[in-house]
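The following exercises concern charged side chains in a protein model. Please work through each task before reading its solution.

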Amino acid sequence: MWYTSTRGMAPRVNFEGALFSGYAPDGGLYVPEELPQLDRETLCRWSTLSYRGLVKELCALFIGLELIPRQDLNDLIDQAFSRFRHRDVVHLRRLKNELNVLELWHGVTYAFKDLSLSCTAQFLQYFLQKRKKHVTIVVGTSGDTGSAAIESVQGLKNIDIIVLLPKGRCTKIQELQMTTVLKENVHVFGVEGNSDELDEPIKAVFADVAFVQRHNLMSLNSINWSRVLVQMAHHFFAYFQCVPSLNIHPLPPVEVVVPTGAGGNLAAGCIAQKMGLPICLVTAVNRNDIIHRTVQKGDFSLREVVKPTLASAMDIQVPYNMERIFWLLSGSDSQATRALMEQFERSQSLHLPKELHSKLSEAVTSESVSDEAITQTMGRCWEENQYLLCPHSATAVNYHYQQTDSGQSSSISRCCLAPASAAKFPEAVQAAGLAPQTPAEILGLEHKETRCIPMRRGDDWTQMLRDTIEGLSQRWEGCAVNTSE
């Protein structure tokens, strides 16, 4: 399987090349050159698989057995999921009024990103051990990515990780999950800015191709193809769990409602759709509604500011995975995608061409949800089911309630993805008038020592990042010399 850039100006790479890259050298994102098409027979065979089994099948298709033999791949994925709290890794909750909630948060940090990052870390470790190499991972986080990335690689000797978090804009628990990890290979910066602002120095560093190659830099944000790949399994599992029957011709659709920030889960769903999975996608966003405006009106343009909301991990202005979706829906037209994205980067404003907007509207429905609607949904779900939703999951469930209340509940089954546990968002739970339920391991974070380097307004964030990376490379080279002696 070969991967190409959405902008078409970078050499193609195999899975290992895509895994170790952030942005492609031309500023684009890596995508598969061709998508496998799944026939009815394959879908019926996959329908009996566990979530773990689906991840193995998808990874085998997109990685290639010449890079990771099947038994090695199976072992890596089993290892990745070995610390998950639920034996099935993910779990579908069937609640009142035909509400299906797919819990994606049974990993160590109580967020869906544990699923893809735990696998990605195992793939990295596999190749690094083989090549006797070191990498420095650079991650910008709006909340959960940082803690899940740190958890997946902490203590690994061939990997250093640098995380930039927006100081005071994550929840207290999210911040503590990052700043209390004191392993030598973990380096956390607290940035005086929002998640889009902290992405700027990261993108500046990755744009220096020689620097990236010299220091073996990579990213674990959802720009990394490996994460999108694993997240495709959410959609297949949701479909097989919720489809009424596979004996109907053609196979009946299932609606999958996706809480969306940077768009990784949504891109994964669009790719699954293109491969032949009969899902209808709904993207649920908070008041930072660029994706909603893009789907509804073709208006892919920035607002003046990011609005802080209860669903803080979705407080994003630039959903970079939309570039993958534009490429996919334009028929893999990298020239058109490059022109669109360069225009957006120049003017921070873009109106989609009519044909592309039409294809996007066919592939995806959208909804923008206010904080008031989030808390009302959390309250109603508790009242009806004694079930606590996190504010991000509530954006998806709000769509379900809107559909059922309006009498538009059709014969189509629906599954709402739940990206995080309510335990991570006690402030939002209290805002909904409910009592937080916090596990002991999360409560214990408050009593741990923390470590966080400030990045203040007025500092040169790009230079600070470069200096840190150079220092880590020097330390690794020193260790490698001592080891060889």
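Three exercises with worked solutions follow.

The model is predicted: local features need pLDDT of at least 70, side-chain atom pairs count only at pLDDT 80 or more, and totals for chains, interfaces and linings use all residues. Residues are numbered from 1 along each chain as its sequence is written, and side-chain values use heavy atoms, with hydrogens and water left out.

**Exercise 1.** Determine which parts of the chain are tied together by the salt bridge between Glu 323 and Arg 7, and whether each residue is buried or exposed.

*Solution.*
Step 1. A salt bridge requires a side-chain nitrogen of Lys or Arg within 4 Å of a carboxyl oxygen of Asp or Glu. The closest N and O atoms of Glu 323 and Arg 7 are 2.8 Å apart.
Step 2. Glu 323 belongs to helix α13 (residues 322–329) and Arg 7 to the loop between β1 (3–5) and α1 (15–19), so the pair joins parts that are 316 residues apart in sequence. Helices (H or I, at least four residues) and strands (E, at least two) are DSSP runs, numbered from the N terminus.
Step 3. Buried means under 20% relative accessible area, exposed over 50%, and partly exposed in between (1.4 Å probe, protein chains only). Glu 323, at 4%, is buried, and Arg 7, at 3%, is also buried.

**Exercise 2.** Describe the salt bridges of Glu 345 with Lys 203 and of Glu 355 with Lys 359.

*Solution.*
Step 1. The N to O distance is 3.4 Å for Glu 345 and Lys 203. Glu 345 lies in helix α14 (residues 334–347) and Lys 203 in helix α8 (residues 195–207), so this pair ties together parts 142 residues apart in sequence.
Step 2. Glu 345 is partly exposed at 42%, as is Lys 203 at 31%.
Step 3. For Glu 355 and Lys 359, the N to O distance is 3.6 Å. Both residues lie in helix α15 (residues 354–363), 4 residues apart, and are thus separated by about one helical turn.
Step 4. Glu 355 is exposed at 56%, whereas Lys 359 is partly exposed at 34%.
Step 5. Arg 7, Lys 203, Glu 323 and Glu 345 are joined into one network by salt bridges that share partners.

**Exercise 3.** How many salt bridges does a search of the whole structure find, and where does Glu 192 lie?

*Solution.*
Step 1. The search finds 22 salt bridges.
Step 2. Glu 192 is located in the loop between β7 (186–191) and α8. Its relative accessible area of 38% makes Glu 192 partly exposed.
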